[in-house]
Amino acid sequence: MDRHINVPYTKEEAKSLKAGDMVYLTGTIYTARDAAHKRMYEALERGEVLPFDIKGNVIYYMGPSPAREGRPIGSAGPTTASRMDKYAPKLLDLGQSGMIGKGKRSKEVHEAIVRNDAVYFAAIGGAGALLSKAIEASEVIAYDDLGTEAIRRLTVKEFPVIVVIDSEGTDLYETAIQKYKKEDE
Amino acid sequence: MREIDVSEITSAIKELCIEANHTLSPDMKAALDSAVDTEESPLGKQILGQLEENLAIAKEDMIPICQDTGMAVVYLEVGQDVHFTGGLLEDAVNEGVRQGYVDGFLRKSVVSDPIERVNTKDNTPAVLHYFPVAGEKVKITVAPKGFGSENMSRVFMLKPADGIEGVKNAVLTAVKDAGPNACPPMVVGVGVGGTFEKCALLSKMALLRKAGEHSEIPYVAKMEKELLERINKSGIGPGGLGGSTTALAVNVLTYPTHIAGLPVAVNICCHVNRHAGKVL
């Protein structure tokens, strides 16, 4: 099903999204990948606050290529989500409402998604030029020294993603593959 | 003896880094076109269409095809009658990468140390492979390698008794484990034989072969076709979201090996199988 929703979204909206839905997000999301997650995690361990309010927000696992003049951002596709598996459950428990990435997630992340009524979306890997067209603005808000891995606030319009793991724990990577799998001799 | 100033190497590499990150070779485009026709899943078909649209935008607007503009793998085939002047060849290669990534608005994805992980901010150093050949020409190939797929690559040290079935199982295992992480549809490079590091290098060089072309060795060509068919029965599909297009090509290179061994390396590349070349 095609869904057009504003982000951040409510808990009820998150619960209404089902694995396999094509969702077009409009609003504000944040980027963070390996190095930013490590820093956020370490900040929490030291009892410090995060550089942005994570409650209700969606994190896009993405490090863009540099923007050419006159453009908000360069190529901007998803990175492999499993590298953030170590950090994601803690952030979901703090209220993060969704993640955009690509690839499989751990059992711990699955459980944290269900426990918090969150959503794991996939964006199409390797389509960074196309996806950049749905990003209207980009601003580094923390960890500027990390370059492409800095935390950015993005303004997105009709940003295309697919629900992979929904709040009930259904995983599209499992179900879709079974559907098209053929007998191998 | 022919003299070549290394500044020529620098400018060629700069140009090739930018070209490879914005334009795929025609064989990859043809492989995608044909996959759009044959893909069974409607969502899969839609994703393949978006990948084609992505390629068109990348070329037209000069936005890299993928934000992971890779670590620059550089192959130099150097005629042994060439004499380089004007500086060190390796420095010239890295300067070309630096200029290509900084001036070409490409992402800087390289850290100076694998544990301390400080970004070098210019994507250097390159991974350089140097091959002495006959003659007085220099062939340069730049293949930026993204790590979503690189991370899913494997080396298997099989026993000679495992034979060809062992090789096929190794490839199928690597592809199945890679699943959605490697940005399917993939190109699968396979190296068989040699030593531990030789088969890994062969598997990476196998990615340079045109999609749709096969090995000249009949049994290898047969294995490539069989593996492609079996991989596409896995159901993984475009984006890993189900379908009949999981790989666009399987390319196998072989090399003599030791009586006690059967090394197999599987280097997985995503659909953005980038490489650009030039002969000086």
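In the predicted model, helix α6 of chain B, formed by residues 163–178, lies across the strands β6, β7, β8 and β9 (262–269) of chain B, and its course makes an angle of about 30° with β9(B). Helix α7 of chain B, which spans residues 196–206, likewise packs on the sheet and touches β6, β7, β8 and β9 of chain B, with a direction at about 150° to that of β7(B).

The sheet on which these helices rest is open and consists of four strands of chain B, arranged in the order β6-β9-β7-β8 with mixed pairing. Because β6 (154–158) and β8 (247–257) of chain B stand at the edges and each has a single partner strand, one side of each remains without a neighbour in the sheet. Between neighbouring strands of this sheet the average turn is 15°, direction ignored. Within the sheet, strand β7 of chain B, residues 186–194, pairs with β8(B) in the parallel sense over nine bridges, and Val190(B) is placed opposite Val252(B) of β8(B).

At the level of domains, chain B is divided into domain 1, comprising 2–20 + 65–145, and domain 2, comprising 148–274, and the C-alpha centres of domain 1 and domain 2 of chain B are 26 Å apart. The contact between them involves ten residues of domain 1 of chain B and eight residues of domain 2 of chain B. On the side of domain 1 of chain B that touches domain 2 of chain B, strand β5 of chain B (residues 138–145) supplies the largest share, with four residues; by class, this side of domain 1 of chain B has six nonpolar, two polar and two charged residues.

Terms used: Residues are numbered from 1 along each chain as its sequence is written. Chains are lettered from A and ligands numbered from 1 in the order in which they are written. This is a predicted model: local features need pLDDT of at least 70, side-chain atom pairs count only at pLDDT 80 or more; totals for chains, interfaces and linings use all residues. Two strands pair if DSSP finds at least two bridges between them. Helices (H or I, at least four residues) and strands (E, at least two) are DSSP runs, numbered from the N terminus. Axes are lines fitted to C-alpha atoms, for helices over the stretch in contact, and angles run from 0 to 180 degrees between N-to-C directions. Two residues are in contact if their C-beta atoms, placed from the backbone, lie within 7 Å. Domain bounds come from an automatic or database domain assignment. Ala, Val, Leu, Ile, Met, Phe, Trp, Tyr, Cys and Pro count as nonpolar, Asp, Glu, Lys and Arg as charged, and the others, Gly among them, as polar.
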